[in-house]
2 protein chains.
Amino acid sequence: MRKDYLLDRWVVIATERKKRPTDFAKPREVMKPATCPFDPGNEDKTPKAELVYLRGKDGRIKKAKDKNGFRYKDWLIRCFPNLFPAFTPPEIEKKVRMKENSFLFDAVGAHEVIVESPQHDEHPGVAKLEQLGLVVDAYLDRLKAFSTKPYVKYVSIFRNHGVEAGASLSHAHSQLIATPLVPLTLREELKASRRFWQNRHECPFCNILKRERKSPRFIWQNDGFGVFAPWASVNPLEFWILPRRHQASPLEMSKKTRKDLALTLRVCLGGLNTLLNDPPYNYGFHIAPSSDADKFYHWHIEVYPKLAIWAGFEKSTGIYINTVPPEDAAASLREASEKEEKAISA
Amino acid sequence: MRKDYLLDRWVVIATERKKRPTDFAKPREVMKPATCPFDPGNEDKTPKAELVYLRGKDGRIKKAKDKNGFRYKDWLIRCFPNLFPAFTPPEIEKKVRMKENSFLFDAVGAHEVIVESPQHDEHPGVAKLEQLGLVVDAYLDRLKAFSTKPYVKYVSIFRNHGVEAGASLSHAHSQLIATPLVPLTLREELKASRRFWQNRHECPFCNILKRERKSPRFIWQNDGFGVFAPWASVNPLEFWILPRRHQASPLEMSKKTRKDLALTLRVCLGGLNTLLNDPPYNYGFHIAPSSDADKFYHWHIEVYPKLAIWAGFEKSTGIYINTVPPEDAAASLREASEKEEKAISA
């Protein structure tokens with residue numbers, strides 16, 4: 001049994017139930033629908049875009065938004081409110097405050113779709129690097145837009161890939177949910193990292209990356225990012241992407257670092273894609289919710305391939321069973337990512 | 001957004017994403033395998049039974065266990081170690097103690113299969129009441145056997161129904177996992193219920209049941225048990241089964257209460273089965289891990305139909321989105337359970 005770096009969360013690395021990472025590979029199901037509401041030409045099937053990226057006549061990227069009665073058609077990235085939102089903006093934009101011991105709270109916030117490409121299948125694992133750079137830029141633009149809203153306490157950016165991972169549409173897209181409270185997982189990470197910082201005067205994530213880079217769980221790195229399978233991986237083939245310099249929020253990334261992130265996503269998700277023949281996965285950003293946490297919190301992305309089902313035991317205990325030791329996962333992902341990197345630069 | 005009674009866990013009841021409970025019904029996939037290792041006659045395909053229930057010549061139930069070279073064939077219930085265990089007994093039975101700030105721990109414990117019937121498809125939702133009574137008895141026998149082991153701190157009893165809920169074999173069976181630490185979910189429930197008890201001198205679960213019995217979330221009851229959809233249901237159609245008298249552990253059940261539990265499972269899982277055409281689900285017992293908790297912890301069963309997929313948002317924030325308001329879930333389950341009850345007594 002292994003405990004997470006920070007959270008009080010245990011996982012059983014069940015060697016008796018061991019599977020080789022590649023045992024999870026499955027024939028890919030193609031699920032391109034007859035009509036995709038995210039495809040170019042179908043802009044009227046979704047709400048007005050709050051942000052589109054367009055190619056200007058000078059070849060540079062321009063930003064715009066749909067106006068009443070007009071929707072851009074020739075977009076490269078398109079962001080709009082989710083038609084079935086879990087969180088919705090309040091009528092009047094103001095601070096929301098939760099009462100102590102509250103059991104009910106308005107789900108004010110926002111729920112957006114970020115369509116990552118006009119090409120239906122241009123997912124991060126196969127995307128052109130330039131396009132993926134635009135995806136990263138769009139994440140930051142929308143993160144910035146919602147971070148400043150008075151009713152927003154946290155902004156979650158995440159991606160669901162494949163039906164088994166909860167994607168209801170197959171067109172390449174990510175989502176953003178802005179919430180009126182700091183989510184539990186973040187609060188627990190913040191509490192534990194604050195304690196670590198108080199004891200050691202070091203960011204726990206900087207410390208983790210320093211150690212994991214020298215471990216058999218290391219997968220890949222470039223100037224900006226380090227990638228590894230975490231010590232107490234809860235999911236088979238799980239990996240985390242951490243900026244190598246201490247940063248509390250992705251909004252601190254330089255232009256160069258954004259490009260490094262696009263390459264990291266392309267290489268590591270491309271590696272996963274090749275290794276297991278396009279498996280389903282989820283990824284989510286973990287971001288410091290406020291500037292108080294600048295010193296001890298370190299933003300990162302956690303990637304969870306969806307290769308197992310959490311069943312009665314996990315759901316009733318909070319203990320997880322993972323059949324793939326993270327060291328084996330890292331060895332497979334390392335090899336696959338290195339191949340992917342060569343293929344891209346060739 | 002609703003918060004759980006005790007845990008710091010929030011769920012969005014997403015009415016914009018609303019589905020009627022019956023929208024989840026699916027055509028049933030039959031997945032009876034060519035050879036089932038749990039079927040009678042195949043006892044040699046699984047480890048020796050630690051406990052079997054047999055029908056004696058006098059018609060009464062006898063208990064026995066397989067011996068080397070001999071396996072009982074005419075069993076009604078059969079319990080044996082899982083062939084692919086997540087937790088295994090230590091070589092020497094002794095107390096295990098975790099070091100402070102430990103990140104690694106031996107997964108000592110046990111992992112057992114409880115085959116619920118010689119009939120492949122005799123699942124709780126369709127089982128004969130007498131057979132289900134034996135299942136309840138077997139749960140208690142195995143709970144008792146493992147609770148007294150020096151290396152065991154908690155015993156989890158759970159059931160996975162259907163492939164989508166993580167069942168790898170379709171023969172009616174439950175599982176038991178004994179762990180060397182008290183799981184996180186239990187520790188959090190215990191902490192919150194202890195605090196409630198210190199403030200109010202009342203068991204929080206007795207208080208919850210008292211209030212929910214009068215709420216639109218109430219589903220069904222008999223002398224022994226009350227069933228309701230919890231206020232902050234994380235899963236569509238989730239329901240909880242609580243003993244009406246305060247009990248910290250199922251080991252406190254009288255013979256009569258055990259029968260009441262068998263009927264409750266039959267009626268409510270039968271109702272779910274009829275309502276959604278045999279949907280996948282998980283259930284798990286929540287039990288006080290030690291006698292310190294006797295006053296403030298109240299054992300119960302949580303049933304989680306598997307009708308949605310937790311995706312990137314849930315996994316990276318710990319906030320859940322549920323598309324079915326528990327009040328709607330309860331209305332549907334109440335009607336279905338009442339019908340089921342009539343059908344059984346007819």
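## Strand pairing, helix packing and the chain A–chain B contact

In strand β13(A), A:Val303 is the residue that stands opposite A:Phe239. This is a predicted model. The pair belongs to an antiparallel match between β11 (residues 239-243) and β13 (residues 300-305) of chain A, made over three bridges.

**The sheet in chain A**

These two strands are part of a wider sheet. In chain A, 11 strands form an open sheet with antiparallel pairing. The order is β4-β3-β5-β6-β8-β7-β12-β13-β11-β10-β9. Which strands stand at the edges? They are β4 (61-64) and β9 (218-221) of chain A. Each has a single partner strand, so one side of each is left without a neighbour in the sheet. On average, neighbouring strands of this sheet are turned by 20° against each other, direction ignored.

**A loop residue in chain A**

A:Lys19 sits in the loop between β2 (10-13) and β3 (51-55) of chain A. Is A:Lys19 buried or partly exposed? A residue needs 20 or more other C-beta atoms within 10 Å to be buried, and 12 or fewer make it exposed. A:Lys19 has 15 C-beta neighbours inside 10 Å, so it counts as partly exposed. Leaving aside neighbours within four places in sequence, its contacts are A:Phe24, A:Thr323 and A:Val324. A:Asp328 is 309 residues away from A:Lys19 along the chain, yet their C-alpha atoms are separated by 9.8 Å.

**The sheet in chain B**

Chain B also has an open sheet of 11 strands, paired antiparallel. Its order reads β4-β3-β5-β6-β8-β7-β12-β13-β11-β10-β9. Here β4 (61-64) and β9 (218-221) of chain B are the edge strands, each pairing on one side only. The average turn between neighbouring strands is 20°, direction ignored.

Strand β13(B) pairs with β12(B) on six antiparallel bridges. Its pairing with β11 (residues 239-243) of chain B is also antiparallel, with three bridges. Individual residue pairs are listed below.

| Residue | Opposite residue in β13(B) |
|---|---|
| B:Trp240 | B:Glu302 |
| B:Gly284 | B:Glu302 |
| B:His286 | B:His300 |

B:Glu302 therefore appears twice, facing B:Trp240 and serving as bridge partner of B:Gly284.

How many of the six residues of β13(B) are buried? Six of the six are, and the strand is mostly covered. Both faces are covered. One side carries B:His300, B:Glu302 and B:Tyr304, and the other carries B:Ile301, B:Val303 and B:Pro305.

**Helices in chain B**

Two helices lie against this sheet. Helix α6 (residues 326-345) of chain B lies across β9, β10 and β11 of chain B. It runs at about 25° to β9(B).

The other is α4(B). It packs on the sheet and touches β9, β10 (225-228), β11, β12 and β13 of chain B. The direction of α4(B) makes about 20° with that of β10(B).

Helix α4 (residues 255-276) of chain B also packs with helix α1 (residues 129-147) of chain B. The angle is about 115°, and the axes are 9 Å apart. The crossing of α1(B) and α4(B) is right-handed. From α1(B), the contact takes B:Leu129, B:Leu132, B:Gly133, B:Val136 and B:Asp137. From α4(B), it takes B:Arg258, B:Lys259, B:Leu261, B:Ala262, B:Leu263, B:Leu265 and B:Arg266. By class, these are seven nonpolar, one polar and four charged residues.

**Where the chains meet**

The contact between the chains takes 46 residues from chain B and 46 residues from chain A. On the chain B side, the elements that give two or more residues are β1 (2-3), β7 (154-161), β8 (173-179), α2 (184-200), β12 (281-286), β13 (300-305) and α5 (312-317). Which element gives the largest share? It is α5(B), with five residues. The chain B side divides into 24 nonpolar, 13 polar and nine charged residues.

How are the two copies related? A rotation of 180° with 0.0 Å of shift along its axis superposes chain B on chain A, with an RMSD of 0.0 Å. That is the relation of a two-fold axis. Of the interface residues of chain B, 100% are also interface residues in chain A, so the copies meet through the same surface.

Note on methods
Residues are numbered from 1 along each chain as its sequence is written. Chains are lettered from A and ligands numbered from 1 in the order in which they are written. This is a predicted model: local features need pLDDT of at least 70, side-chain atom pairs count only at pLDDT 80 or more; totals for chains, interfaces and linings use all residues. Two residues are in contact if their C-beta atoms, placed from the backbone, lie within 7 Å. Helices (H or I, at least four residues) and strands (E, at least two) are DSSP runs, numbered from the N terminus. Ala, Val, Leu, Ile, Met, Phe, Trp, Tyr, Cys and Pro count as nonpolar, Asp, Glu, Lys and Arg as charged, and the others, Gly among them, as polar. Copies are superposed by least squares on the C-alpha atoms of residues with pLDDT of at least 70 in both. Axes are lines fitted to C-alpha atoms, for helices over the stretch in contact, and angles run from 0 to 180 degrees between N-to-C directions. A crossing is left-handed if the near helix is turned anticlockwise from the far one by less than a right angle, and right-handed if clockwise. Two strands pair if DSSP finds at least two bridges between them.
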